[in-house]
Number of protein chains: 2
Amino acid sequence: MSEASAGSVLPGPVLIVGCGLIGTSVALALREHGVEVYLDDARPANVEVAVSRGAGRPGPVDNPGLVVVAVPPAAVPDVVGDALTRWPNAIVTDLASVKDDLGRRIAGLPGAPRYVGSHPMAGSERSGPMAASGRLFEGRAWAITASDSSEPRAVAAVRELATLVGAVIVDMDAGTHDEAVALVSHLPHLLSVLAAAQLKGAPDGYLALAGPGLRDVTRIAGSDTGLWLEILQGNAVKVSALLKDVRGDLDSLIAGLDSDANAIAAVLRRGREGTRLVPGRHGDKDVEMATVFVQIPDQPGELSRLMAHTGESGINIEDIRIDHELGRPVGIVEVAIAAHNAEALVEALTSRGWSAYR
Amino acid sequence: MSEASAGSVLPGPVLIVGCGLIGTSVALALREHGVEVYLDDARPANVEVAVSRGAGRPGPVDNPGLVVVAVPPAAVPDVVGDALTRWPNAIVTDLASVKDDLGRRIAGLPGAPRYVGSHPMAGSERSGPMAASGRLFEGRAWAITASDSSEPRAVAAVRELATLVGAVIVDMDAGTHDEAVALVSHLPHLLSVLAAAQLKGAPDGYLALAGPGLRDVTRIAGSDTGLWLEILQGNAVKVSALLKDVRGDLDSLIAGLDSDANAIAAVLRRGREGTRLVPGRHGDKDVEMATVFVQIPDQPGELSRLMAHTGESGINIEDIRIDHELGRPVGIVEVAIAAHNAEALVEALTSRGWSAYR
């Protein structure tokens, strides 16, 4: 075993097992830092594609320093167990979305202290090695779920892996991790699914009244159902507990619609307060935000022209949303900016001939 | 009663009752077409603001041709009834989100054939006359819920109103309308609320694992709770029926997590199929879409520079999303384009010095 590259504490060479979107993306990111990477996959075609993209050499390899297991969730325990046995000096991590049950199953295996679980919070609506990118993890959270029995050098190696690929480390024990992703990922996914599932069989014309809200709520329900089935089964106890809480709120809403306005209002208020906890877009900022609406023809270059004019105004854009209009070759662009800049932006754009308003 | 403006069949003058966001926006749009508009509101300050923005003159007026009732949902029946009685020649419409119960209550009133309900599918996270815009309705759906007893001249007037302000008319009977908005607006709103409500009281650190999916699902749960309480109560029967269907699916998920993978898979699949019915952004297009990721420093002008470079490539942008990274002064921009253009865009941006990947 040797160091993976100069100046790095990552033990090398690195073996990636599973060359889908996530595994190949880790490999590409490591190659950009000169790390020696080998690639393995039950489907040889995946290895071929990953190799052709410069993600590393075909594996396996005799004496890997670090094995990164990026196979589908249900296959992870066996593949991790095999790796711990086959390479008695290697550090092993996996990238699956659910960690607690997995960690318990691995804890009893020979070599378990050389295993540290991790979970990069990154993905794509696409899958497979062709969709991979060496920059998929830049700036994304990467949960590391070390246990009390984890070897310090194993924890250090997995931390170095996350750091090298550009992610932001979030340390959590496995149980806490699973409870957190049940709340911020698995439950919202299922509520998106429940909203979308009701649309099936809707009479013609009902969807003509749909707006941006429906699109936002249902977007993630379009994800791969096979992968999600494995994720949900892997976190069944924690997801189920949350679903039962939701059923309590749902029952309050149904009862409230019958007779009790206070019960509805209480759930609406808790929901509104909950949205304030969600980080991102405007959540980190302490300034009040405003939206400026701009009409643009749906033509190449128009959006660029608009952005260039916005840039000339010197006002920072926080977020953009494009809404293609019903039955018209025109879009409405919603530009989110600090509220104190809104009037200035409207004036700047109007003076350049745009139809802009707040 | 006279025509509101040359070449229009809109009966004038128009009286707007309720000068909040929606009423004042209708007034501003009509003024842009030279329509004579009067403004009324239980809060004189709202009329003052609307007048100062050029939305019309302080009302009421002796003999309005069209009365547009844009007051909060619970107040609509009384205000419509008063208008029908007080101005026996006027056509009356309202803009409330729920129509069936309202229509039945109005059907028994003197002058009911002069009433036609309508519902513009437009809004904002802001409220009040200062947030109004004469272009709020451009390209948005505007449901018109005429009944068998509606006078043809009343239906024609409300259609002309929607057309003048730039909306796309969707004709529906009131019951169908309420069933449609329960499905595409009220139910998704409540499922967003249920996801967000679970976040309250989440332990520190759980939200550090949140991604774009959580933000999308919970966004609309941040809306005004008072307004939504009135909307939901007004459509209680239809919303309640959908919530009971959702409870059935929720019970299937809970039972499935315990023992039955097929039950979970069935709900996931129905959800995925449902998302294909949602119109908008990519939904209308027959071409396969792809996402190109670009890193930008969070500085004024950077997004504009990026858009300008994108525009020079001659490739049409379908959608943009900006994701501010965790703990870094850098953002990731997701650019949605036709899949066959993705590689060309990556090359065009890379050659101009951007870190772009798909």
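# Close-up views

**Helices α6(A) and α9(A) are oblique to each other.** Oblique covers the angles left over once three classes are taken out: under 35 degrees is roughly parallel, over 145 roughly antiparallel, and 65 to 115 roughly perpendicular. Helix α6 of chain A spans residues 174-197, and helix α9 of chain A spans residues 236-258. Helices and strands are DSSP runs numbered from the N terminus (helices: H or I, at least four residues; strands: E, at least two). The two axes come within 9 Å and cross at roughly 60°. Axes are lines fitted to C-alpha atoms, for helices over the stretch in contact, with angles from 0 to 180 degrees between N-to-C directions. The crossing is right-handed: the near helix is turned clockwise from the far one by less than a right angle, whereas anticlockwise would be left-handed. From α6(A), the contact takes in Asp178(A), Glu179(A), Ala182(A), Leu183(A), His186(A), Leu187(A) and Leu190(A). From α9(A) come Lys238(A), Val239(A), Leu242(A) and Leu243(A). Contact needs C-beta atoms, placed from the backbone, within 7 Å. By class, this contact holds 7 nonpolar, 1 polar and 3 charged residues. Nonpolar means Ala, Val, Leu, Ile, Met, Phe, Trp, Tyr, Cys and Pro; charged means Asp, Glu, Lys and Arg; the others, Gly among them, are polar.

The model is predicted: local features need pLDDT of at least 70 and side-chain atom pairs pLDDT 80 or more, while totals for chains, interfaces and linings use all residues. Residues are numbered from 1 along each chain as its sequence is written, and chains are lettered from A and ligands numbered from 1 in the order in which they are written.

**Helix α6(A) also crosses α9 of the other chain.** Helix α9 of chain B covers residues 236-258. Its axis and that of α6(A) come within 10 Å and cross at roughly 135°. The pair is therefore oblique. The crossing of α6(A) and α9(B) is right-handed. Leu190(A), Leu194(A) and Ala197(A) supply the α6(A) part of the contact. Val246(B), Asp249(B), Leu250(B) and Leu253(B) supply the α9(B) part. This contact has 6 nonpolar residues, no polar ones and 1 charged.

**Chain B lies on chain A after a turn of 180°.** The RMSD is 0.0 Å, and the shift along the axis is 0.0 Å. The fit is by least squares on C-alpha atoms of residues with pLDDT of at least 70 in both copies. The two copies are thus related as by a two-fold rotation axis. In chain B, the C-alpha of Val217(B) is nearest the axis, at 2.1 Å. Both copies use the same surface: 100% of the contact residues of chain B recur in chain A.

**The two chains meet through 110 residues of chain B and 112 residues of chain A.** Helix α6 of chain B (residues 174-197) gives the most to the chain B side, with 16 residues. That side divides into 62 nonpolar, 27 polar and 21 charged residues.

**Helices α3(A) and α4(A) pack at an angle of about 35°.** Helix α3 of chain A runs over residues 76-86, and helix α4 of chain A over residues 100-107. Their axes are 10 Å apart. α3(A) passes α4(A) in a right-handed crossing. Val76(A), Pro77(A), Val80(A) and Gly81(A) of α3(A) touch Leu102(A), Arg105(A) and Ile106(A) of α4(A). The contact counts 5 nonpolar, 1 polar and 1 charged residues.

**Chain B has a cis peptide bond at Pro13(B) and another at Pro60(B).** Gly12(B) precedes Pro13(B) across its bond, with omega about -10°. Pro13(B) sits in the loop between β2 (11-12) and β3 (14-17) of chain B. Gly59(B) is joined to Pro60(B), with omega about 0°. Pro60(B) belongs to the loop between β5 (57-58) and β6 (66-69) of chain B.
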